[in-house]
Structure formats: C-alpha cells, structure tokens
Amino acid sequence: MLFSQISKKSLSQLLKKRPPTSQIKQIHAQIITQSLSSSHLCLIDSLIHCYLHTRNLNTARALFNGYPLPSPPTLLWNLMIRACSKLQDLLEPIYLLRRMLNLENQVGVVPDDYTFNFVITSSTRQNSIVYGEVLHGMVIKYGWFENLCVANSLINMYGVFGKVDDAYAVFDKMSDRDVFSWTGLVSAYAKNGEMCRAGEIFVEMPVKNEVSWAVMISGFVGCGKYVEALSFFHEMTAQMRPNEAVLVCSLSACAHLGSLSQGNWIHGYIDRKGIVETSNVKTALIDMYAKCGKIDCAYGLFNNIPRPDVHNFTSLISGLSIHGLGDHVIQVFRRMLAEKLKPNGITVLGVLNGCSHSGLVHHGSSVFYNMEDLWGITPKIEHYGCYIDLLGRAGYLAKAFGVAKSMPVNPDVAVWRALLSACRIHRSSDFGERVINHLEQLDPGCYDGGKVLLSNLYASLGKWDKVAQIRNVMGSRKNQSDIGCSWIEINGVFHEFRVADVLHPQIVEIQNKLAEIIQRIGLVGYSADAAHVSFDISEEDKAQAVSWHGEKLAVAFGLMNTLPRTSLRIVKNLRTCDDCHLALKAISKVYDREIIVRDRCRFHTFNQGYCSCNEYW
Ligand code: ZN
Ligand code: ZN
C-alpha cells in the first residue's frame with residue numbers, strides 16, 4: 001500500500017493539499033487500518049473537507065453521522081449544511097440546523113452566524129418562501145435576530161422573493177445596521193422594479209459602497225430605464241471608482257440606447273483610470289460598440305485580446321449578426337472552434353441569427369442539427385424560433401412549418417411571429433391560413449400574443465370581419481411590450497417617440513415637418529404601404545396611421561435639430577415595418593442623410609436610397 005509507512009502528520013498534510021478522490025480513499029483506508037479515527041479527530045475533519053470538496057457528499061455524510069461523541073465542531077456542521085444546500089435539497093439543511101439546535105444545550109455545539117446564513121441562503125436558492133418564513137421564526141426563537149449578518153441575510157431573502165414589505169419589516173426592527181443592511185433593502189426594492197422607493201432609501205444611506213451603486217444601476221437597466229442608469233453612473237464616478245458590475249451594466253445601458261457618445265466616454269474613462277479590462281468588461285465593450293453601430297471598433301477591440309474566451313467570441317458573433325455580416329459570423333465561429341472553445345447556447349443563437357439575416361440556410365441548418373451532438377447544447381425555444389425564422393425568410397415555408405409542428409416544446413409567440421412574417425414576405429396566404437388554423441386550435445387563453453399576430457395577418461389579407469372577431473375575443477387589453485417606441489439622441493439628450501405620440505413638447509412642429517417630408521418623398525415615388533395597419537379604416541386614414549410611426553417622428557425631429565448631412569442614429573424596440581423601411585430609404589436620398597436604425601433584430605444603414613440590409617430583415 002502506498003501510504004503504509006506514512007505518519008499521522010504526513011496524512012494530515014496530504015489531505016490539506018485537497019487530493020483527488022482516488023487518493024482520498026487510500027488515505028481514508030490508511031486512517032482506518034491504523035485506527036486513527038477516534039484519537040485524531042482532525043484527520044476526520046480533513047477527510048470530510050476533502051470528500052465535500054470532491055462532491056462526494058454521501059461518504060462525507062456517513063463520516064459526519066458517525067462522528068465520535070459529543071458532536072462535530074460547528075465548522076463541520078456549517079460545511080455540511082452548505083454542501084447539502086447546493087444539492088437542491090432544502091430539507092436536509094433545515095434538518096441539520098434543528099439537530100444542531102437540539103444539541104446546543106446538551107453538548108454545547110453552538111450555531112454561529114454562518115450556520116444561519118447558509119440555511120437562509122439555501123431557502124433563497126431553492127425559492128422556498130415557506131421555509132424562509134420558518135427560518136425567520138427560528139432565528140427569532142433562538143435569539144439570533146440581533147445578529148447583524150443573520151438579519152442581513154433575511155433582508156436579502158425577502159428581497160429575492162419579492163416580499164419587499166417583509167424585507168422592510170426586518171430592516172426596521174434592527175437595532176444596528178451596516179452598509180449591507182441598507183444595500184439589501186435597496187436591492188429588494190430594485191429587484192421588485194420599485195426604483196423610486198429604492199432611490200429614496202439610497203439617498204438616505206449613511207454610507208454607500210460600490211455594491212450599493214451597482215444595485216441601483218443594475219436595477220435601472222433591469223427595468224429599461226437606461227438614461228437614469230447612466231446618470232447614476234456619472235454621479236458614482238464623481239465619488240468613487242466603479243467596480244466591474246457597474247461598468248458592465250452601464251455599458252449595457254449604452255448598448256440598449258445605442259448611445260455611442262456615452263459608450264465612448266465610459267471606454268475613455270476605463271483607459272484614463274487604468275482600470276483593468278476584465279473579460280466581462282471586454283465582452284460588454286464589444287457588445288456596446290456593435291450595438292452602437294461601430295462594428296469595426298468591436299472587431300478591433302476583439303482582435304487586441306490575446307486569448308479571447310467564449311464570452312468575447314459570443315459577443316462579437318452576436319454583434320456581427322445584427323449587422324447582417326453572415327460570412328464574418330461563420331468565419332469567427334470557425335476560428336472559435338479551431339481554438340477548441342466550446343460554444344454556449346447564446347453563441348449558437350448568434351450564429352443562427354447571422355445565418356438568418358444573410359440567407360445562409362445550409363450553414364444555419366448544419367449548426368442547428370449538430371448543436372446537441374457536437375457541443376451538448378439542447379436546442380431551446382429561442383433556437384427553434386431562430387431556425388424557423390431562417391427557413392421562413394429564405395422561402396422554405398413548408399419546412400419551417402414542419403419544424404414548428406415537430407418542436408418538443410410548444411411554439412411561443414416569437415415562433416408564430418417568424419412564421420407569419422415569412423408568409424407575409426413571400427405573400428403566401430396558403431401557408432398563412434395553415435399557420436392560422438394551427439393557432440386557432442391552440443388554447444385561446446394562452447395565446448394573446450398569437451392573437452395579435454393573427455389579427456395582423458388577417459388585416460394584411462384584408463379580412464376585416466376576422467380581425468373584428470379576434471379583437472372582440474381579446475377585449476380591450478393592450479400588450480404594452482408590443483407598442484412601438486423609438487429613441488434618438490440629440491446633443492446628449494434622449495428623445496422618445498411612440499406611435500402617434502403627442503407627448504413631445506415640440507410635437508406640433510414635428511408633425512408639420514413630417515407632413516413636409518412625406519410630401520417631398522412622395523415626389524420621388526414613395527407611397528404609404530399600409531398593410532401594417534391592423535384595424536379597419538379607410539385607405540387614407542391608414543396612410544396617416546403608418547406615417548405616425550415612432551421612427552418617422554424621430555427622423556423628422558432629427559432633421560429639424562441637426563446640421564445638414566449629420567448622420568441620424570435611431571433605436572427602435574420592435575422590428576421596422578415595411579412602410580418605415582421604404583420611407584427611410586427615400587428620406588436618405590431626398591435629404592442626403594445617412595440614417596442608422598437599430599431595430600429589434602438588426603441594423604439598417606440607409607444611404608442614398610438604399611439600405612445595408614438589402615431588404616433582408
Ligand atoms: Zn413603421
Ligand atoms: Zn434595411
């Protein structure tokens with residue numbers, strides 16, 4: 001036997017090196033044969049450590065349960081509780097805690113703040129509010145509420161469960177609070193989307209650390225308030241250096257807004273302050289440049305990374321795909337595979353998207369059908385949606401429909417949207433009807449989004465009686481996420497426009513300008529394509545309705561407020577409609593302006609009457 005002559009001290013030192021499982025078992029055998037287990041408890045402690053370290057919970061548990069009397073030390077209880085809580089098993093950590101509390105009076109093993117923290121965290125991780133409340137009761141019963149760390153984990157727990165009133169109640173009862181208690185409460189409100197309340201508490205905080213700022217900034221980004229996120233970012237940099245999470249969130253806010261000026265500023269700040277660009281920050285920078293229309297900068301940044309990791313690659317691939325650069329997507333993806341990096345689900349989604357925007361059906365199909373075998377990625381609904389979109393756009397309607405019907409999960413709204421939009425592009429009312437028949441057989445209650453699509457398709461086929469029927473079934477509910485919204489940044493200020501917006505202070509001037517624009521582009525052959533107006537009104541009124549789309553209002557506003565030949569950058573939350581696409585092409589020619597629009601799917605650069613997407617979107 002390898003260790004036959006080894007002393008207790010050496011065994012203990014070997015165990016401290018965290019050896020692999022095979023070696024642990026040999027050492028374990030040695031301890032048993034030399035009958036060291038009861039006299040040298042530190043060896044047992046180390047063994048349990050090692051078994052937990054190698055995720056051999058069963059053996060660790062057996063050793064723990066057979067631990068000589070009176071009881072294992074608190075540290076071991078804590079380790080066991082933490083290990084069990086990672087196993088998606090909630091009962092065992094609580095059972096261990098109860099056993100420990102029962103022993104407290106008999107043999108003096110005392111839980112500490114870590115014990116409670118681990119158990120509370122485990123109930124948070126397993127999303128069990130019931131056990132969380134039981135634990136809260138135990139904390140009070142056993143007199144642990146006065147412990148700062150324990151009370152802080154209760155605040156965090158209620159925050160994760162979205163029970164902000166309970167989080168506040170804990171906070172309110174605390175006699176002593178630190179920056180983590182305050183941050184926990186701010187985070188509870190932020191996670192629940194109550195940013196006003198979070199802001200009030202944030203202002204009251206006696207001391208703030210970088211985590212407190214990160215919570216506010218990521219809270220704003222999480223609920224789509226990007227402008228606010230950036231204003232907090234600037235306020236923070238005046239007081240302290242931002243951490244990685246803050247930088248990543250703020251760059252993501254720039255990406256969402258398409259704000260190149262803000263993104264450039266943050267990149268410059270990182271350079272000026274000599275902040276180390278971690279992989280996450282690099283990934284966020286690549287994403288920001290790509291989404292702000294600067295794919296060359298994203299490429300340059302990527303090329304300067306000595307050994308790009310999977311996240312850097314994924315960020316570049318997704319960026320290239322929204323720019324419609326399918327060939328580059330394939331090229332970068334090949335390089336990634338050649339460097340023996342394993343793609344993740346988001347990488348594959350980026351590749352499929354890239355293929356879809358460039359009509360690369362063959363490449364896309366090969367990636368889609370091999371993703372599970374080659375990289376162990378089970379296709380999720382997004383992957384199906386993207387693949388169906390790829391087939392549909394390229395005109396393979398029957399195949400796309402077949403894939404949708406054979407999906408292992410129920411197709412969602414995105415899938416039906418892709419299919420219906422393919423039917424519309426290829427003017428196939430035949431397939432449109434088949435998709436509709438399929439949609440109609442589904443449970444109507446679950447498919448409100450599908451109903452909206454259905455009514456849009458009926459509208460584009462001119463079947464107004466059907467449209468009315470669906471509208472009646474749906475009632476007057478309006479899906480907020482389907483309301484179009486466009487942003488344009490002029491001199492550092494963001495202006496937001498919705499369909500038929502009347503909220504903007506300059507709305508009258510904007511509408512007059514837009515009327516003038518429509519008239520001028522009409523002279524070069526533009527006429528409104530009203531297939532997108534999904535209610536039954538006269539042709540003239542329909543032309544009016546599409547002309548008030550947010551991106552047209554934003555362009556009119558941009559033309560009014562910028563010098564001639566300045567590029568206009570617009571970000572839109574939905575896919576650009578056919579009519580706006582036509583109109584923007586005409587405007588770019590008549591007004592001699594480059595207009596860059598980022599819609600939900602990709603970039604369109606309009607110049608001299610053409611769009612960079614070549615009508616593929
Ligand atoms: Zn439009
Ligand atoms: Zn386009």
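In what order do the six strands form the open sheet? The order is S2-S1-S3-S4-S5-S6, with mixed pairing. The model described here is predicted.

## The sheet and its edges

The strands at the edges of the sheet are S2 (493–498) and S6 (610–611). Each has a single partner strand, so one side of S2 and one side of S6 are left without a neighbour in the sheet.

At one edge, S1 and S2 run antiparallel and are joined by six bridges. Ser486 has Phe497 of S2 as its bridge partner. The hairpin of S1 and S2 has two residues between the strands, and Asn491 in this hairpin takes a positive phi near 50°. At the other edge, strand S5 (residues 603–607) pairs with S6 over two bridges, again in the antiparallel sense. Here Asn607 stands opposite Tyr610 of S6.

## A helix on the sheet

Which helix packs on the sheet, touching S1, S2, S3 and S4? This is H31 (residues 550–561). The strands it touches span residues 485–490 in S1, 568–572 in S3 and 595–598 in S4, in addition to S2. The direction of H31 makes about 15° with that of S1.

## The zinc site

The zinc ion (ligand 2) is coordinated by two histidines and two cysteines: His581 through NE2, His604 through ND1, and Cys611 and Cys613 each through SG. The coordination distances are 2.0 to 2.2 Å. Angles among the four donor atoms are 106 to 113°, and the site is tetrahedral.

Along the sequence, the donor residues follow the spacing H-x22-H-x6-C-x1-C. The donors can also be placed on the elements already described: His604 falls within S5 (residues 603–607), and Cys611 falls within S6 (610–611).

## Helix pair H29 and H32

Helix H29 (residues 507–522) and helix H32 (residues 578–590) have axes that come within 10 Å and cross at roughly 85°. An angle from 65 to 115 degrees counts as roughly perpendicular, and H29 and H32 are therefore roughly perpendicular to each other.

H29 contributes Ile517, Arg520 and Ile521 to the contact, while H32 contributes Ala583, Ala586, Ile587 and Val590. By class, these are six nonpolar residues and one charged residue, with no polar residues.

## Helix pair H23 and H25

How far apart are the axes of H23 and H25? The axes of helix H23 (residues 381–393) and helix H25 (residues 413–425) are 9 Å apart, and the two helices pack at an angle of about 0°. That angle makes H23 roughly parallel to H25.

On the H23 side the contact is made by Gly385, Ile388, Asp389, Gly392 and Arg393. On the H25 side it is made by Val415, Ala418, Leu419 and Ala422. The residues of this contact divide into five nonpolar, two polar and two charged.

Technical notes
Residues are numbered from 1 along each chain as its sequence is written. Chains are lettered from A and ligands numbered from 1 in the order in which they are written. This is a predicted model: local features need pLDDT of at least 70, side-chain atom pairs count only at pLDDT 80 or more; totals for chains, interfaces and linings use all residues. Side-chain values use heavy atoms; hydrogens and water are left out. Axes are lines fitted to C-alpha atoms, for helices over the stretch in contact, and angles run from 0 to 180 degrees between N-to-C directions. Helices (H or I, at least four residues) and strands (E, at least two) are DSSP runs, numbered from the N terminus. Angles under 35 degrees count as roughly parallel, over 145 as roughly antiparallel, 65 to 115 as roughly perpendicular and the rest as oblique. Contact means heavy atoms within 4.5 Å. Ala, Val, Leu, Ile, Met, Phe, Trp, Tyr, Cys and Pro count as nonpolar, Asp, Glu, Lys and Arg as charged, and the others, Gly among them, as polar. Two strands pair if DSSP finds at least two bridges between them. Donors are N, O and S atoms within 2.8 Å of the metal (3.2 Å for Na, K and Ca); water is not among the atoms, so sites may look incomplete. Four donors count as tetrahedral if all angles lie between 85 and 135 degrees; four count as square planar and six as octahedral if opposite donors are over 155 degrees apart and all others between 65 and 115; anything else is irregular.
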